[in-house]
Amino acid sequence: MPSLAGTIKDLQKKGYKENLTASFDHFYYGPDKSELYPHEIFFDEVIRFEGSSDQDDQSILYAISAPAKNVKGIYVESYGLYHDNLSN
């Protein structure tokens, strides 16, 4: 199974450069905190990771694009014990 870090590097090579941050009803990115709303985005890839030695080491990586804004970014979320309710 590929690592989270390795998968992020591979996606960055494919143009997923922005680090997306979840807010109440949108993502934001970049130094000017540009916004992306649900109707603007596509989930190109969703990859789940589980730590082989620790069941609490769980995360999901989302490769997200917004073609109208020419944006490709990555959002990583923990789930299980450390899941953040904001991302629901």
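**Exercise 1. Salt bridges**

Is Glu 45 buried, partly exposed or exposed? Use the answer to describe the salt bridges of this predicted model.

Solution.

Step 1. Glu 45 has a relative accessibility of 28%. Buried would require under 20% and exposed over 50%, so Glu 45 is partly exposed.

Step 2. The partner of Glu 45 is Lys 14, and the closest N and O atoms of this salt bridge are 4.0 Å apart. Lys 14 sits in the loop between helix H1 (4-13) and strand E1 (18-19), while Glu 45 belongs to strand E5 (residues 42-50), so the salt bridge ties together parts 31 residues apart in sequence. Lys 14 is exposed, at 52% relative accessible area.

Step 3. A second salt bridge joins the side chains of Glu 40 and Lys 69, with an N to O distance of 3.2 Å. Glu 40 is in the loop between strand E4 (34-36) and E5, and Lys 69 is in the loop between strand E6 (58-66) and strand E7 (71-78), so this pair links parts 29 residues apart in sequence. Lys 69 is partly exposed, with 37% relative accessibility.

Step 4. The count of salt bridges is two. Side chains of opposite charge can pair when their charged atoms come close.

**Exercise 2. The four-stranded sheet**

Give the strand order of the open sheet of four strands, and trace its pairing from E1 to E6.

Solution.

Step 1. The order is E1-E7-E6-E5, and the pairing is mixed. E1 and E5 are the edge strands with a single partner each, so each has one side without a neighbour in the sheet.

Step 2. E1 and E7 run parallel and are joined by two bridges. Glu 18 has Gly 73 in E7 as its bridge partner, and Asn 19 stands opposite Ile 74 in E7.

Step 3. E6 and E7 run antiparallel, with eight bridges between them. Ile 74 in E7 also stands opposite Ala 63. Taken together, Ile 74 faces Asn 19 and Ala 63.

Step 4. The connection between E6 and E7 is a hairpin with four residues between the strands. In its turn, Asn 70 has a positive phi of about 55 degrees.

**Exercise 3. The helix and a buried threonine**

Which strands does H1 lie across, and which residues does Thr 7 touch?

Solution.

Step 1. H1 lies across E5, E6 and E7, and runs at about 5 degrees to E6.

Step 2. Thr 7 is part of helix H1. Its relative accessibility is 9%, which means that Thr 7 counts as buried.

Step 3. Leaving out residues up to four places away in sequence, Thr 7 touches Pro 2, Ile 47, Phe 49 and Leu 61.

**Exercise 4. The three-stranded sheet**

Describe the open sheet of three strands, then place Asp 32 relative to its strands.

Solution.

Step 1. The strand order is E2-E3-E4, with antiparallel pairing. Strand E2 (21-22) and E4 are at the edges, and each pairs on one side only.

Step 2. Three bridges join E3 and E4 in the antiparallel sense. One pairing is that of Tyr 28 with Glu 35 in E4.

Step 3. Asp 32 is found in the loop between E3 and E4. Asp 32 is exposed, with 59% relative accessibility. The side chains of Asp 32 and Ser 34 are joined by a polar contact of 2.9 Å.

**Exercise 5. The nonpolar cores**

How many residues make up the largest nonpolar core, and which have the most contacts inside it?

Solution.

Step 1. The largest nonpolar core contains 13 residues. Leu 20, Phe 27, Leu 36, Ile 41, Ile 64 and Tyr 75 have the most contacts inside this core.

Step 2. Strand E3 (27-29), E6 and E7 are the elements that give two or more residues to this core. The largest share, four residues, comes from E6.

Step 3. Consider Phe 27, setting aside neighbours within four places in sequence. Phe 27 is in contact with Leu 20, Thr 21, Ala 22, Ser 34, Glu 35, Leu 36, Ile 41, Ile 64 and Tyr 75.

Step 4. Another core, of six residues, lies apart from the largest core; among its members are Leu 11, Tyr 16, Leu 61 and Ile 74. Of these, Leu 61 is touched by Thr 7, and Ile 74 stands opposite Ala 63.

Conventions:
Residues numbered from 1 in each chain as written. Predicted model: local features only at pLDDT ≥ 70, side-chain atom pairs only at ≥ 80, totals over all residues. Heavy atoms only, no water. Buried < 20%, exposed > 50% of the residue type's maximum accessible area, 1.4 Å probe, protein only. Pairing = 2+ DSSP bridges. Contact = heavy atoms within 4.5 Å. Axes fitted to C-alpha atoms, helices over the stretch in contact; angles between N-to-C directions. Core = buried A, V, L, I, M, F, W, Y, C linked by side-chain atoms within 4.5 Å. Polar contact = N/O pair within 3.5 Å; in protein donor to acceptor, adjacent residues only side chain to side chain.
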